[in-house]
There are 2 protein chains.
Amino acid sequence: MQLEEISEYGLVQRIIKHFPSKSSRIVIGIGDDAAVLSLDPGKELVATCDLLIEGIHFDLRYITPRQLGWKALAVNLSDIAAMGAEPCFALVSLGLPHQTEVHFFDEFFQGFKTLGERFQTSLCGGDMVSSPRGLVVNVTVLGQIEASNVLTRAGAKPGDLLAVTGFLGSSAAGLALLKNDCLGKLPPEVEKELLKAHLEPFPRIQEGRFLALNHVASALNDVSDGLAREVKEIAEASGAGAIIYGQSLPLSEAVKCAGSYLKQDPVLWALNGGEDYELVFTFPPENQAKLEELRKMGKMGTPITIIGEITRARNVLYTELFHGRRVSLDRCGYDHFTRS
Amino acid sequence: MQLEEISEYGLVQRIIKHFPSKSSRIVIGIGDDAAVLSLDPGKELVATCDLLIEGIHFDLRYITPRQLGWKALAVNLSDIAAMGAEPCFALVSLGLPHQTEVHFFDEFFQGFKTLGERFQTSLCGGDMVSSPRGLVVNVTVLGQIEASNVLTRAGAKPGDLLAVTGFLGSSAAGLALLKNDCLGKLPPEVEKELLKAHLEPFPRIQEGRFLALNHVASALNDVSDGLAREVKEIAEASGAGAIIYGQSLPLSEAVKCAGSYLKQDPVLWALNGGEDYELVFTFPPENQAKLEELRKMGKMGTPITIIGEITRARNVLYTELFHGRRVSLDRCGYDHFTRS
């Protein structure tokens with residue numbers, strides 16, 4: 001069944017069935033002109049949005065509708081994590097081609113819901129329109145945080161250490177496997193790990209909250225556009241510089257395996273690939289002991305790797321990767337608009 | 001100069017120049033992973049979003065970038081007005097074709113800003129990506145309201161009267177002039193009024209606040225998809241029905257003039273045209289005297305017209321337009337997905 005056989009009203013009813021407004025935070029949920037929502041007293045509102053366009057951000061040959069629903073929420077939750085905040089609500093705008101199947105629509109919201117439930121994030125509103133050329137998804141996530149705990153990119157001090165959660169480059173490696181049509185050529189567990197990193201990233205909400213609530217970090221960013229660019233943003237916002245220790249970058253065995261097969265340097269995936277949705281943060285050395293608790297977080301624990309330091313010399317980022325040479329990273333990272 | 005000659009960072013800097021975070025409500029504004037925002041203590045958060053896609057919602061042959069920036073915000077402010085709330089913040093996601101001129105970008109934000117300043121609505125965040133096929137705009141507006149003053153669509157009681165602000169059908173008439181290539185064929189003041197209604201709608205924030213704060217209305221909606229559909233939404237949400245008095249619909253002289261020239265019944269523009277962004281509301285008859293104050297609102301006053309009543313008979317809407325016949329309006333209004 002295609003969407004054009006169902007009215008907009010019918011689609012909204014399907015969504016309401018997926019997302020009954022169970023949360024006591026939702027005063028007025030889906031279906032009116034706007035949602036009315038409660039935050040905890042004394043907390044500030046946190047707001048972020050991401051626009052995903054077919055052919056730019058996703059390719060429906062590679063990602064299932066369920067994964068797309070998951071990922072569209074995940075990339076926004078990652079921005080909430082990058083402030084140290086807790087997510088509460090989401091709004092979804094969909095531009096849907098006429099031939100869209102209702103099954104696609106249902107699967108999208110199933111993926112969205114599965115991740116939302118992991119982080120108590122309720123869908124509370126949105127918009128649905130037809131799109132003449134390709135699928136368009138915009139997600140807005142609203143969260144909250146105590147004003148005194150907000151973690152921005154500006155706050156790193158010379159001498160602070162630089163660390164990341166999890167592994168880097170896995171998402172870019174997964175994308176490379178898809179684009180180079182390599183599925184079935186590497187061990188299944190390698191492919192599974194890398195595809196999952198790219199198609200179903202898991203936002204580091206708990207870890208961001210830990211860093212904020214315990215005043216561990218001095219600056220925080222999520223790794224959406226490649227480590228090089230994220231570190232540069234922290235350095236610039238903080239009026240400082242940074243050195244990334246190239247040999248310390250956390251690369252999983254799966255990434256190394258894919259790099260070896262595709263004859264790619266996995267370090268470049270880590271620096272420039274993007275979409276890892278890990279957290280990169282700075283902290284004063286005296287807080288290093290507090291990271292132990294973070295390492296034990298979650299069922300599987302959270303790998304934390306120190307990958308560099310903040311320097312007084314501004315606007316200059318180096319990596320000591322290439323046989324001891326220092327390479328400026330000023331021109332790295334994904335940019336939507338400049339010619340590459 | 002085209003956007004691809006400027007980095008995403010450069011574009012964000014241009015926006016920051018347009019919108020310095022002057023508001024004391026903005027703790028962290030544009031430029032970090034998410035915005036951190038303050039609401040007034042004791043008020044609830046109100047959230048809405050609208051997705052506008054080139055070729056569906058706007059045609060760049062007809063609308064200037066400045067008008068598009070205005071309108072993209074206006075349609076969201078209208079949803080905030082339709083809850084009786086006050087707007088505070090906006091987030092904008094833009095999907096921009098590569099050949100977009102920087103001038104276009106600047107003009108869009110100029111229009112957005114001009115309207116935002118009228119209603120103390122600060123741009124606090126967003127997203128900018130490239131779009132391979134046409135311009136995409138998503139705006140999220142965040143507002144606030146006292147929980148006890150929220151006005152939804154559900155609240156109309158049989159015997160309540162039905163009223164609208166301003167005139168209806170003007171936006172549809174303006175669009176008809178553009179689509180039928182009639183510019184220059186009607187008196188200039190007629191064309192000006194109708195084009196303005198379509199391209200630069202003025203959201204009824206003040207009027208919505210008045211209705212909410214003074215507990216005048218029992219249900220409230222904005223007229224985005226045509227009066228017929230909006231009244232039907234109120235009736236259904238309230239578990240009631242409604243009669244629209246066809247002969248009472250407020251049609252401006254300009255709409256009648258355009259209707260006569262184009263051989264169109266302006267009543268159908270009012271019922272089905274949409275995009276008027278007026279408010280339609282219900283109120284108990286004893287509150288009628290309070291409407292006088294609303295009529296005096298604004299520099300020019302706000303026309304308020306009683307156009308019908310709420311009935312016990314459910315799910316059935318009639319109009320007495322056509323020579324005294326009662327016509328069901330069940331199938332009227334714009335729907336994005338059903339075949340028309």
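## Strands shared between chains

Two strands pair if DSSP finds at least two bridges between them. In this predicted model, such pairing crosses from one chain to the other. Strand β3 (residues 43–53) of chain A and strand β2 (residues 35–37) of chain B are joined by three bridges. The two strands run antiparallel. Within this pair, A:Val46 stands opposite B:Val36 of β2(B).

## Two mixed sheets

The cross-chain pair belongs to an open sheet of six strands. Its order is β5(A)-β4(A)-β6(A)-β3(A)-β2(B)-β1(B), and the pairing is mixed. The edge strands are β5 (122–130) of chain A and β1 (26–28) of chain B. Each of these pairs on one side only. From one strand to the next, the twist averages 25°. At the chain A end, β4(A) and β5(A) run parallel and are joined by eight bridges. There, A:Ser93 has A:Asp127 in β5(A) as its bridge partner.

Another open sheet also has six strands, in the order β1(A)-β2(A)-β3(B)-β6(B)-β4(B)-β5(B). Its pairing is mixed too. Here the edges are β1 (26–28) of chain A and β5 (122–130) of chain B, each paired on one side only. Neighbouring strands are turned by 25° against each other on average, direction ignored. Inside this sheet, strand β4 (residues 86–96) of chain B pairs with strand β6 (residues 136–146) of chain B. The sense is antiparallel, over nine bridges. B:Phe89 stands opposite B:Leu142 in β6(B).

## How the two chains relate

A turn of 180° and a shift of 0.0 Å along the axis lay chain B on chain A. The RMSD is 0.0 Å. This is therefore the relation of a two-fold axis. The same surface serves both copies: 100% of the contact residues of chain B recur in chain A.

The contact takes 63 residues from chain B and 63 residues from chain A. On the side of chain B that touches chain A, the largest share comes from strand β3 (residues 43–53) of chain B, with nine residues. By class, this side of chain B has 33 nonpolar, 17 polar and 13 charged residues.

## Two domains in chain A

The domain assignment splits chain A into domain 1 (3–149) and domain 2 (161–328). Their C-alpha centres lie 27 Å apart. Where they meet, 19 residues of domain 1 of chain A are in contact with 20 residues of domain 2 of chain A.

Which elements supply the domain 1 side? Both α2 (65–81) and β4 (86–96) of chain A give at least two residues each. Helix α2(A) gives the most, with 10 residues. The domain 1 side that touches domain 2 of chain A has 12 nonpolar, four polar and three charged residues.

## A helix crossing in chain B

Helix α4 (residues 170–179) of chain B meets helix α5 (residues 188–199) of chain B. Their axes come within 7 Å and cross at roughly 105°. Angles of 65 to 115 degrees count as roughly perpendicular, so α4(B) is roughly perpendicular to α5(B).

From α4(B), the residues in contact include B:Ser170, B:Ala173 and B:Leu177. From α5(B), they include B:Glu191, B:Leu195 and B:His198. In this contact of α4(B) with α5(B), seven residues are nonpolar, four polar and two charged.

Definitions and conventions
Residues are numbered from 1 along each chain as its sequence is written. Chains are lettered from A and ligands numbered from 1 in the order in which they are written. This is a predicted model: local features need pLDDT of at least 70, side-chain atom pairs count only at pLDDT 80 or more; totals for chains, interfaces and linings use all residues. Domain bounds come from an automatic or database domain assignment. Two residues are in contact if their C-beta atoms, placed from the backbone, lie within 7 Å. Helices (H or I, at least four residues) and strands (E, at least two) are DSSP runs, numbered from the N terminus. Ala, Val, Leu, Ile, Met, Phe, Trp, Tyr, Cys and Pro count as nonpolar, Asp, Glu, Lys and Arg as charged, and the others, Gly among them, as polar. Axes are lines fitted to C-alpha atoms, for helices over the stretch in contact, and angles run from 0 to 180 degrees between N-to-C directions. Copies are superposed by least squares on the C-alpha atoms of residues with pLDDT of at least 70 in both. Angles under 35 degrees count as roughly parallel, over 145 as roughly antiparallel, 65 to 115 as roughly perpendicular and the rest as oblique.
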